[in-house]
Structures are given as structure tokens and as C-alpha cells.
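Hello,

Here is the structure I promised to pass on to you. Could you have a look at it before reading my notes underneath?

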Amino acid sequence: MNIKSFAKIFFFGLVLCLAFLIVQKGWLQHLTFATLKQQHADLREWTDIHFLYALFLYSLTYVLVTAFALPGAAVMTLAGGAFFGMVWGVAAVSLASTLGATLCFLGSRWLFRDYVVRRFGNTYEKVQKGLDNSGGFYLFTLRLTPMVPFFIVNLVFGLTRIRVSQFFLISQIGMLPATLTFVNAGTRLSEIESLAGIISLPIALSFLALGIFPWLAKGSLIMIERRKRYAAFTRPSRFEYDVAVIGAGAGGLVSAYVTAALKGTVALIEQSRMGGDCLYTGCVPSKTLLRSAQVAQLMRRGQEFGLQSIEPSVDLRSVFARIQRVIQKIEPHDSVERYTQLGVDCVHGRAFLRDPFRVQVGDRVITARNIIIATGASPVVPQIDGLDAVPYFTSENLWKMKQVPQRLLIIGGGPIGCELAQAFQRLGCAITLLERTPRLLSSEDEDVSSFVTDLLRSEGVEVITSSQVDAFQTASSSFRASLNGGQTIYFDAVILAVGRRANTQGFGLQELGISTRPDGTIETDEYLRTSYPNIFACGDVAGPFQFTHAASHQGSHAALNALFAPFKKFRIDYSSLPHCTYISPEVARVGLNEQGARARGVLFDTFKYDLGQLDRAICEGEERGFVKVLTAKGTGRLLGATVVGPHAGETIAEFVLALRKNLSLSDIMATVHSYPTFAEGNRFVAGIWQRSRAPQGILKILQRLHAWRRG
């Protein structure tokens, strides 16, 4: 037990002892309405003689009563008016009550918030996200409603991340109406027979109305803003569709599917091919290429498995022909025929937003109650001198490559750059991988980046970090890149893997004034609504993640919100969204890693299991990698997990479920895993956590007990 935990326990015990003493001594009897009425005359006379001293003692007592959440605050407020009059009474009560409430708030935060965050982390974060935007309104409403005990408000808001200054100011203003009412009643103490007579039903309803007023005002402003935004457009008297989806990539396909499955009418508009980038230029072709590269590498490793090692003869045309066969095999899953059978009206052509309710496709104008934008993103082509004079590829035209270049320069050390570097190195290219930041996969922890860098270098990839190309030039029989550090690289072709930019041009976004973020993605709220509440965005065009599964996740939420808002809204949640870099071995992660936790100021413990000890990894000759988990400090509650190893994209799924369902490492430890599997690594890392928490004192007692029983 650390000093901080001991101090909390000691202080909490001290408060309990104090509360017990107060109850035992009957001191609370002095804070009753009857006592106030009985002793009013005598106390008023003493107060008049020692006014400032009495005011100080009264204020101090009020602070202590509210700070320790003792009953009697209402009587104390009456006493303020009875002894000091309206002006001094209101001033003393307002300041003392706010100070006491803030001390109670801080005490709750210090004593309990760490435990609540550790125990209910994911739920806590979801509640906190709602409070981040509207916490002030919630607090103001509760302060204006005396029916809700103020001490409960103090304790509960202490568990949140609301700023102390914000809590103090809102409490000061919000409690003022009730303070005025009770202090004024105190000045007429002789006329009051009980506390119940102070707040009548009309007054209580007035307080409630005051509390609701900020919400009504906020809602009214939103409605006025929406009316102004839509004022320039004529709403159709009848809509042809419930939803019109622009773009038939992953996000658009899922949006259309969900809408049709829930019996909504939907038009799916696509100017090119159904399936989008993922099917034709992204996930499917790249993972097919990676598989060919893995087989080539296994052929070289034959001797490790008791077979003859063979240097593969790579025919890039055959490799790319297989990629096209795989695409053709998957195409029916995303085809017009399939989606038409599902009830989707597939429309081919370029869409243009005429207004928030009309989409023009050629000569046809489609009317829809809601519109979902899923136009995807395109590869970024950086502005580099001489780039137009060299053969360069992006993810869009890479699959038209006819032969393996002898020397290939890849710019960009993110997931795509690392995957392609390894794949083409294994297929016989001499690869130089260039990254402008200090390390590859910079969003991952340093141990992951180091692992990937060492892996690629061990396979022959030249990795250069903290550097970028200043210019390209034509050499005698090839091309060269001049780097900012003075280094020169010779190459035959270059692949640009420096990111993707949202497709937001040419279909009416700017004309409608739909807001975009600095990175070019469409600005949406937590329900994926744009600045027009009936227009949604999902997938790469919306960000913040450029994963196919993220687009699918957003697509379903966009469709649900389009169909059921305002009756039911579905907030998008990324807390358990995984991602994977498909090098070999793979790198997969969900939730927080170490650098993310430090950036957020989250206290954590780290536990790591080396796959070199895993039986299945040893059997397959794939002993490189590890499983690493982050837990909330001192607990088994999962914050995040990283898996580096074969099939990491699959084995991470257990941690995804654990995060989604608030499971702990003890739950994973108690789950039976098939033997031998790579998923056992998840259980073994949970075992490392469990051993770290083993009660050594109890284990020593058990050792002696067992020795005694043996005789």
C-alpha cells in the first residue's frame, strides 16, 4: 500500500469517526428547526452584540456542515436570515455554502475518483464524454432544483473531470435562488411553522422551471439556427427515399444494408465500382500481395522445417493476376445484383448535392429525408521537385505495375509503407523505406517501432528515419532522390505512402457550406451528423480513422441515426476499435498503449509476455513477438492491448471483447483457451498480471499449513 492510499483510508476513517462522534453526542440536534425557533431570541441578542465574530463562527460552521455533508444546511440557511438579515445573510450563506460544497467536491474527487475510474473505466469515459459538452448545464439545473440534495450533487460531480473553478462558479450562481428564498424566510422566522412551509408547490415548480430554462434556451437556439440553415431550401412534400447514400465503399455499403434491413427505402449512388477502394486498390489487393510475399519467404526458409530451401522465381504478372482473381471472387459480395436483392436501389452516376434533401445524378433528382456521405479518400501526392519526371505509384495505380523494379523507394513509414516494403523486399526488390519522423509506426509504442524496424532491416530493407526528399532527379539509367540530410538514394520507381485525404470536392459540400476539419475530413458530431442534422458522413471522408472496419462501424451508426433520430440516437464509440498492421508478424492494437496513456495522464501498469515461450509459436518457427497489456494502476481492468506476432489481427479480438464488455484480466485468465494456439498468449499475459498481485503473506501461511499437514 502506497502513502497516498494509506492517507485516503486514514482520512476516510477519520471522517467516519467524526460522524459517529457527532451522532453520539447529539450535536445534530442543534441544527434542527425546532431548536432554531426555541433559541432564536437569545442567539439574536448575542449576535447583535458580537456581530462580526458571530458572522465568522456562523460562516465557518456552515462551511464545515456542507463540506462533511452533514444534515442541517437548510436550517443553517434560515439562521443566516434570522440572525444577520437579508443582505449579510445572503452574502454569508452564498459564500460559505459554495466553499463547503467545493471542499466536499474535492474530498470526493480525492477519495473516490481513482477507484471509480479503475473499476468502471469504460462506462465512466462514456458518461464523461456527455458531461464534457453539457456538464455545466447539468450542474446548473441540479443547483436550481432544491429537491435534489446538494450534498449528493457535490459528491457525484467530484467524480467527474469538471474544473474546480467551473464547479465553484456554477454552484455560486445556481444556488443563489434557493439561498434568497431560505434567507428571506429566515428573516420571517416567527411566521414559519415548519421547513415544509418554506417551499410551496408553485415555488418548487418555479425552481424546476429555472433549472430547465438553460436547456430550453439551448434547444431553442439550436432550433433557430437549424431553421435559418434550412430557410433557403424548400423541403419536399414527399420523399422518394428515407436515405440516399453517396459512395459504395465499406461505409456506404453498410449504411445501405442496414437501412434496407430495417425496411427503410434507400438509394446507393456510386460513380465507379461497387466495393470502393478496399476491394480494388486497398485491403483486398494488398493482403493478397502480402500472402504471395509470405509464401516466397517460406520457400526460402524451407530448411528450418526439414525441407529444401528454394529461392523463388517471382513473376509479378502472375502475382498480380492472382490479385485480380481474388478481387473477382469477392466482387459478388459487393455487387449491384446482391444489393438490389437486399432491397437497395443502386444508382450509377456522379452525385451532386442540390440541397439538403435533393441529390442530382445525371438528369435524375433524388429526394431523400436523410443523406449519408461516404465518398472515401484518395492517396496524398506530396509536392516534391521533380516528382512528375519519375515513375511513382500510389495505392490507386500500384496494381498496374508490370514488373518488379530492381530498386524501389517507398516514402512513408506508416502501416501501408511498412507492409509494402516487406512484401516487395520478399518478392525480390531492393527496398529503401523513408520516414520523416524519428521512427516507423509512430503511433505505436517505441518497443513496437523498434521491433518492426529491426524486423525489416533483418530482411534486407534499408530503413531511413528523420529524413525526407528535397528533390528528384533523373540519373543515367535510373533516378535519384536528394534527401534533406545530404544523402542521395538511387531507385527505379517510387511508392508514395504518406497518407490519404478525404474526397470532399466536386459534389456540393462547399456550395451547401458543410464544415470540414483542418485535415480535410467532414466535421461531424458524436452521432455522425454534419452541420446539417439530416446529412451524415461516415468512413474515410469523416475520419478520424481510415480503416475499413471503422467505416463499417460508422456506416451502421449513420444509418441508425438517419432512420430513428430524434426518437433514438446512437452515439459512435471508438474505445474498443482495433487496428492491425499486416506485416509478418502482424502488429495489432486496441485501446490505449503506453504513449497514449501518458499523453492522457492515465496511471497504468504494463505486463508483457514473450511469444518465444509459447508452444504454438515454437512449433511453427514463429517465435518473434509479444503480447503487451495495459491495466489501470493497481487493478486488472484493461486499458489496452498490443499483440505483435502471427495472426495478431485475430488474437487481438479477445481483448477487443474484454474492453467492450468491461472484462478484466482475471476474466481472461479464467477463460479456457485451446492448446496449442497463439491465443494462449493472451491468457499467459493475464497470468503474469495475476502473479504480480499474489498475496505473499497468505502464500507463506499456506506453505506452512501444507508443511504442517504433511507431518
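Below is what I found, beginning with the core and ending with the aromatic rings.

One thing to keep in mind is that this is a predicted model.

The largest nonpolar core has 42 residues, and L289, F424 and V452 are those with the most contacts inside it. Each of α11, α12, α13, β9, α15, β10 (430–434), α16 (446–458) and β15 (493–496) supplies at least two residues of this core. If you want a place to start looking, try F424: leaving aside residues up to four places away in sequence, F424 touches L289, L398, M401, L408, C429, I431 and I495. There is also a second, separate core of 28 residues, with Y241, A244, A351 and I371 among its members.

Helix α12 deserves a visit of its own. It runs over residues 283–300, and at 1.5 Å a residue these 18 residues should span 26 Å; the end C-alpha atoms are 26 Å apart, so the two values agree. The buried residues of α12 are V284, P285, S286, T288, L289, L290, S292, A293, A296 and Q297. Among the elements covering them are α11 (276–280), α13 (316–330) and α15 (415–426).

Now to the rings. A search of the whole structure finds 17 aromatic pairs. In one of them, Y230 and Y532 have ring centres 5.5 Å apart and planes at 75°, which makes the pair edge-to-face because the angle is over 60 degrees. This pair links distant parts of the chain: Y230 belongs to helix α9 (residues 201–230), while Y532 is in the loop between α17 (509–512) and β17 (535–537), 302 residues apart. Y230 counts as buried at 17% relative accessibility, and Y532 is buried with a relative accessible area of 3%.

F320 and W399 form a tilted pair, 5.9 Å centre to centre with 45° between the planes. Here, too, distant parts of the chain are linked, with F320 in helix α13 and W399 in the loop between β8 (392–393) and β9 (407–411), 79 residues apart. F320 is buried at 7% relative accessibility, and W399 is buried with a relative accessible area of 11%.

Elsewhere, ring pairs join F51, Y58, Y62, F84 and W88 into a cluster. Two charged residues also lie over ring faces: R273 over Y280, 3.7 Å from the ring centre, and K568 over F570, at 5.5 Å.

Enjoy exploring it, and do write back with your thoughts.

Best wishes

Terms used. Residues numbered from 1 in each chain as written. Predicted model: local features only at pLDDT ≥ 70, side-chain atom pairs only at ≥ 80, totals over all residues. Heavy atoms only, no water. Helix = DSSP H or I, 4+ residues; strand = E, 2+ residues; numbered from the N terminus. Expected span 1.5 Å × (residues − 1). Buried < 20%, exposed > 50% of the residue type's maximum accessible area, 1.4 Å probe, protein only. Contact = heavy atoms within 4.5 Å. Phe/Tyr/Trp six-rings, centres within 6.5 Å; stacked < 30°, edge-to-face > 60°. Lys NZ or Arg CZ within 6 Å of the ring centre and 35° of its normal. Core = buried A, V, L, I, M, F, W, Y, C linked by side-chain atoms within 4.5 Å.
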